[in-house]
Amino acid sequence: MAGALSGVLAYLGCGLLGFVGAPRAFSLLALVAGVGSLLSWAPGFPEALVGGLPWGIAVAADDWTLGLWALGLFLHAVLLIHARDRKDSFHPLTTVLIGTCLAAALSRDLFNLYVLLHLKSLLALVLIASGRRQPAMWAGVQYLILTQVGLILYLFGLGLVYGRLGTLSISSLAGRGVDLGDPTLAVGVGLLLAGAAVETGLFPFGLWLPQAHGQAPTEVSVLLSGIVVKIGAVTLARLAEAFPVGNVVVAMGIVTGFGGILYALWERDLKVFLGFHTVSQLGYILIGIGLGARTGALLYAVAHGLFKGLLFLAAGEAVEGCGERRIAGLAGQLSAPVAVALGVGTWAIVGLPPLAGFAVKGGLAQGAPVWTKSVLAALGLGTAASFAKLIPLLLSLIHISEPTR
């Protein structure tokens, strides 16, 4: 436990010091400390209290913690390279935000998750608006308003649950086998789920998410879709662990998956299109969580963080290089490296072998009910159909179009 907490504190401390000076150096120092911390406690440690009874915060490191730490640290390393020339507050804000995500992955307390979700939302808002483009700033305002609504619902749910059960410890709640026959308790858990759904960006509550992710600066888009949105997913995973809400989470996943695809089919802005697919891909994760396929859901979350990060990096290079955001306007304008990156990311997200998307989608389907396999297959077809609109952008791969010089 001490090693994990030292990694979180290193991120938060280095992030704050980065506002004073040498922001990239402190961000790099935080990454080194985070990797050392991960190596010190991997593959996990049992639950313990930080601060002791009666107000201590329960923390533990399980498979979700391990996966999200590895993903967050990897994406941080990529962004340190890609954004090496940025001189603004990007690196300190990113460092504090990643440290917040690492702390949330450790938490086993529903109130502590609330605090961390709140901090995560405020930091993400500043990063979304950092590009100072009017659409990005408006998307940031929408992000702030709607996520705060979600967190208010979550807070009311915490009050009702604590009033009935006297604890917010996830392990204690899971050990009790909570019965939702009590109307007050059922309402409390429903508010927790609704708040987490709005905050995470699930369909239809999450129509703010594609705009926020799509209009943000490229590196911020990578961070938001790669790791930040997964903290909402892990919150829902903890709720499914504490309460018997698996069927509800599966239903949320199905609606989210197909809702994101329907909007993506008609979206013309490349980065916003990828944002709608972040919504859709959350559906896969939630279906796995609801069915109890924890490992499959986790692996999909990590794989999605990797290939969606690649897609947003490539899309950002395309938009900035061509001065055009519309998919139709980018056709035939991409350089070969950008087209290759888009092609690899598309191959992975569609779920074609031998890339990670194929393996993790197959893992989710194994042992699932027949109807669930049909749903996953339909989601896969919808993803492929919507990504077909990117084919004109990939023509430089086969030298049909002349790339811009």
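This report describes the aromatic pairs, the nonpolar core, the pockets, the cavity and several individual residues of the structure above. The model is predicted.

## Aromatic pairs

The structure contains ten aromatic pairs. One of them joins Tyr114 and Tyr154, whose rings are stacked, with 6.2 Å from centre to centre and 5° between the planes. Tyr114 belongs to helix H5 (residues 110–128) and Tyr154 to helix H6 (residues 134–165), so this pair ties together parts of the chain that are 40 residues apart in sequence. Both partners can also be described by their accessibility. Tyr114 has a relative accessible area of 13% and is therefore buried, since buried means under 20%. Tyr154 is likewise buried, at 1% relative accessibility.

Ring pairs also produce a cluster, which is made up of Trp41, Phe45 and Trp69.

## The largest nonpolar core

The largest nonpolar core has 125 residues, and those that touch the most other members are Trp64, Trp69, Leu110, Phe243 and Ile285. Helix H10 (residues 218–242) makes the greatest contribution to this core, with 14 residues. Trp69 thus appears in two settings: it is part of the ring cluster with Trp41 and Phe45, and it is among the core residues that touch the most other members.

Ile285 may be examined in more detail. When residues up to four places away in sequence are not counted, Ile285 touches Trp64, Lys230, Ala233, Ala297, Tyr300 and Ala301. One of these partners, Trp64, is itself named among the core residues with the most contacts to other members.

## The largest pocket

The largest pocket holds about 380 Å³ of space. It is lined by 16 residues, of which Pro54, Trp55, Gly56, Asp109 and Leu168 are the closest to its centre. Strand E2 (57–61) and helix H5 each supply at least two residues of the lining. The largest share, three residues, comes from H5.

What classes of residue make up the lining of the largest pocket? There are ten nonpolar, five polar and one charged.

## The second largest pocket

The second largest pocket has a volume of about 240 Å³. Among its 16 lining residues, Arg133, Ala216, Pro217, Thr218 and Glu320 are the closest to the centre. The elements that give two or more residues to this lining are H10 and helix H13 (294–322). H13 gives the most, with four residues.

By class, the lining of the second largest pocket consists of four nonpolar, five polar and seven charged residues. In the largest pocket, by contrast, the lining has ten nonpolar residues and one charged residue.

## The cavity

The structure has one cavity of 30 Å³ or more. The space in the largest cavity is about 70 Å³. Its lining is formed by Lys120, Tyr143, Glu199, Thr200, Trp208, Leu209, His213, Leu224, Val228, Val229 and Gly232. Helix H8 (183–200), helix H9 (208–215) and H10 are the elements that give two or more residues to this lining.

H10 provides the largest share of the cavity lining, four residues. In terms of class, the lining has six nonpolar, three polar and two charged residues. Helix H10 therefore recurs in this report: besides lining the cavity, H10 gives the most residues to the largest nonpolar core.

## Selected individual residues

Gln148 lies in helix H6. Its relative accessible area is 18%, and Gln148 is buried. Apart from neighbours within four places in sequence, Gln148 is in contact with His118, Ser121 and Leu122.

His304 is found in helix H13. Is His304 buried or exposed? With a relative accessible area of 2%, His304 is buried. Residues up to four places away in sequence being set aside, His304 touches Ser225, Lys230, His277, Thr278, Gln281 and Gly309. Lys230 is also one of the residues that Ile285 touches.

Gly44 occupies the loop between helix H2 (23–41) and strand E1 (45–50). At 31% relative accessibility, Gly44 counts as partly exposed. Gly44 and Leu66 are 22 residues apart in sequence, and their C-alpha atoms are 7.0 Å apart in space.

Key:
Residues are numbered from 1 along each chain as its sequence is written. This is a predicted model: local features need pLDDT of at least 70, side-chain atom pairs count only at pLDDT 80 or more; totals for chains, interfaces and linings use all residues. Side-chain values use heavy atoms; hydrogens and water are left out. Rings of Phe, Tyr and Trp (its six-membered ring) pair if their centres lie within 6.5 Å; planes under 30 degrees apart count as stacked, over 60 as edge-to-face and the rest as tilted. Buried means under 20% relative accessible area, exposed over 50%, partly exposed in between (1.4 Å probe, protein chains only). A nonpolar core is a set of buried Ala, Val, Leu, Ile, Met, Phe, Trp, Tyr and Cys residues joined through side-chain atoms within 4.5 Å. Contact means heavy atoms within 4.5 Å. On a 1 Å grid over the protein atoms alone, a cavity is a set of points where a 1.4 Å probe fits but cannot get out, and a pocket is an open set with protein on both sides within 12 Å along at least five of seven lines; lining residues have an atom within 4 Å of a point. Grid points are joined across faces, edges and corners, and a volume is the space filled by probe spheres set on the points. Ala, Val, Leu, Ile, Met, Phe, Trp, Tyr, Cys and Pro count as nonpolar, Asp, Glu, Lys and Arg as charged, and the others, Gly among them, as polar.
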